[in-house]
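Visitor: I would like to learn how to read a structure like this one, feature by feature. Could we begin with a helix and work outwards from there?

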Amino acid sequence: MCQNLPLYQLLLQETEEEKALLSSNNKVKQELYTDRQEFIIESQKFLNEDNMINVRKHTRFVDFPRHRHDYIEINYVYSGKLEQKVGNEQIVLQKGELLLLNQYIEHEIKACKREDIVINFTIQPKFFDFIFSYLTANDVENKIGDFIINSLFKSNESGQFLYFAVSEVESIQQLVHKIIHEIMEPSILSQTTTRLYMGLLIIELIKHSDRLRKQQEAFIQQHIIAESLKYIEENFKEASLTELANKLNQTDYSLSKNIKKVTSKTFKELLQEKRLKRASELLVVSEIPISTIVEQIGYDNISYFYRIFKKKYGKTPT
């Protein structure tokens, strides 16, 4: 694939941080990345509250000590390579390859040379909530599905990464470059467009899961949780813990315990969140009477619906 030479030349130029490193040979200034004592890079340093996704060039010429992030990160090698230790794995990313890191995995990065251009995608965990409903329409029983679940629900806090050797997959390369251009040359619809492209990128990665080269050896099997969330998404009107447990050959107690452990919420709480979310959508986009909406989402007590709706949103359905 032909490189966009103007963008490549732009990325080759040293940032102010890189110029300071070249002139003084200093170490990474941790205060540029976090206000915490522990080296956890904070999304607020790169993202404002309204943005779910951002792109920045990885700082070259310096070793990055062991750290993690409070967001999901994707490393993409635009040119050259990226050498790093992720968890206990030594990984060398080549041009066109992708590495997904969740917010609980630690990694340390070897200093990049001038021609090593690496793009870091900073992604808020809530973005995965934004696309999760679309993924559950199909089979999420795969490593990306597990990765998304663990990124959404913090109680598990398992460090995970996914390494995709996709340099020859043209559809993925095009999407990545579109995201880079959209954020570096923004328009009025750039945030919306970027979310769309990123959602498409995740789908393309699922389609090319055969290109997954390495993942965390201790990757936790979360098939049951994925199926539970998919069940709630598709059957929220009449969903029940007992029916789901029977489908998964689990006891009510063990399934309830596993759901709570991974998501920090009970089955009832997850079901209620889905129902209220659907109700709020119908209230905004339709003229359906509230009594009908209450019935459509699976409640038969309108007073109870009013009470839980106001508790969640701070206002009544009316």
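Guide: Let us start with helix α6, keeping in mind that this is a predicted model. The buried residues of α6 are S190, T193, T194, Y197, M198, G199, L201, I202, E204 and L205.

Visitor: How far apart should the ends of α6 be, and how far apart are they in the model?

Guide: The expected rise is 1.5 Å a residue, so the 18 residues of α6 should span 26 Å, and its end C-alpha atoms, 25 Å apart, agree with that.

Visitor: I203 is missing from the buried residues of α6, so is I203 buried, partly exposed or exposed?

Guide: A residue counts as buried under 20% relative accessible area and as exposed over 50%. I203, which belongs to helix α6 (residues 190-207), has a relative accessible area of 38% and is therefore partly exposed.

Visitor: Which residues make a nonpolar surface patch with I203?

Guide: L196 and L200 join I203 in a nonpolar surface patch of about 250 Å². For the chain as a whole, about 16,400 Å² is exposed, with carbon and sulfur atoms supplying 48% of that area.

Visitor: What does helix α10 look like when it is read in this way?

Guide: Helix α10 (residues 267-285) has 19 residues and reaches 27 Å from its first C-alpha to its last, close to the 27 Å expected. Its buried residues are F267, L270, L271, K274, R275, L276, A279, S280 and L282.

Visitor: How far is K274 from E234, in sequence and in space?

Guide: The two are 40 residues apart in sequence, while their C-alpha atoms are 10.0 Å apart in space. E234 lies in helix α7 (residues 223-235) and, at 47% relative accessibility, counts as partly exposed, whereas K274 is among the buried residues of α10.

Visitor: How should I read a sheet, and in what order do the strands stand here?

Guide: Strands of a sheet pair through backbone hydrogen bonds, and they may do so in parallel or antiparallel fashion. Here an open sheet of five strands follows the order β1-β3-β8-β5-β6, with mixed pairing. Strands β1 (40-41) and β6 (89-94) stand at the edges with a single partner strand each, so one side of each has no neighbour in the sheet.

Visitor: How many bridges join β5 to β8?

Guide: Three bridges join strand β5 (residues 81-86) to strand β8 (residues 107-109), and the two run antiparallel; K85 stands opposite E108 in β8.

Notes. Residues numbered from 1 in each chain as written. Predicted model: local features only at pLDDT ≥ 70, side-chain atom pairs only at ≥ 80, totals over all residues. Heavy atoms only, no water. Helix = DSSP H or I, 4+ residues; strand = E, 2+ residues; numbered from the N terminus. Expected span 1.5 Å × (residues − 1). Buried < 20%, exposed > 50% of the residue type's maximum accessible area, 1.4 Å probe, protein only. Patch = residues over 30% accessible without salt bridge, like charges linked within 9 Å, V, L, I, M, F, W, Y side chains within 5 Å. Areas by Shrake-Rupley, 256 points an atom, 1.4 Å probe, with all protein chains shown as cover. Salt bridge = Lys/Arg side-chain N within 4 Å of Asp/Glu carboxyl O. Pairing = 2+ DSSP bridges.
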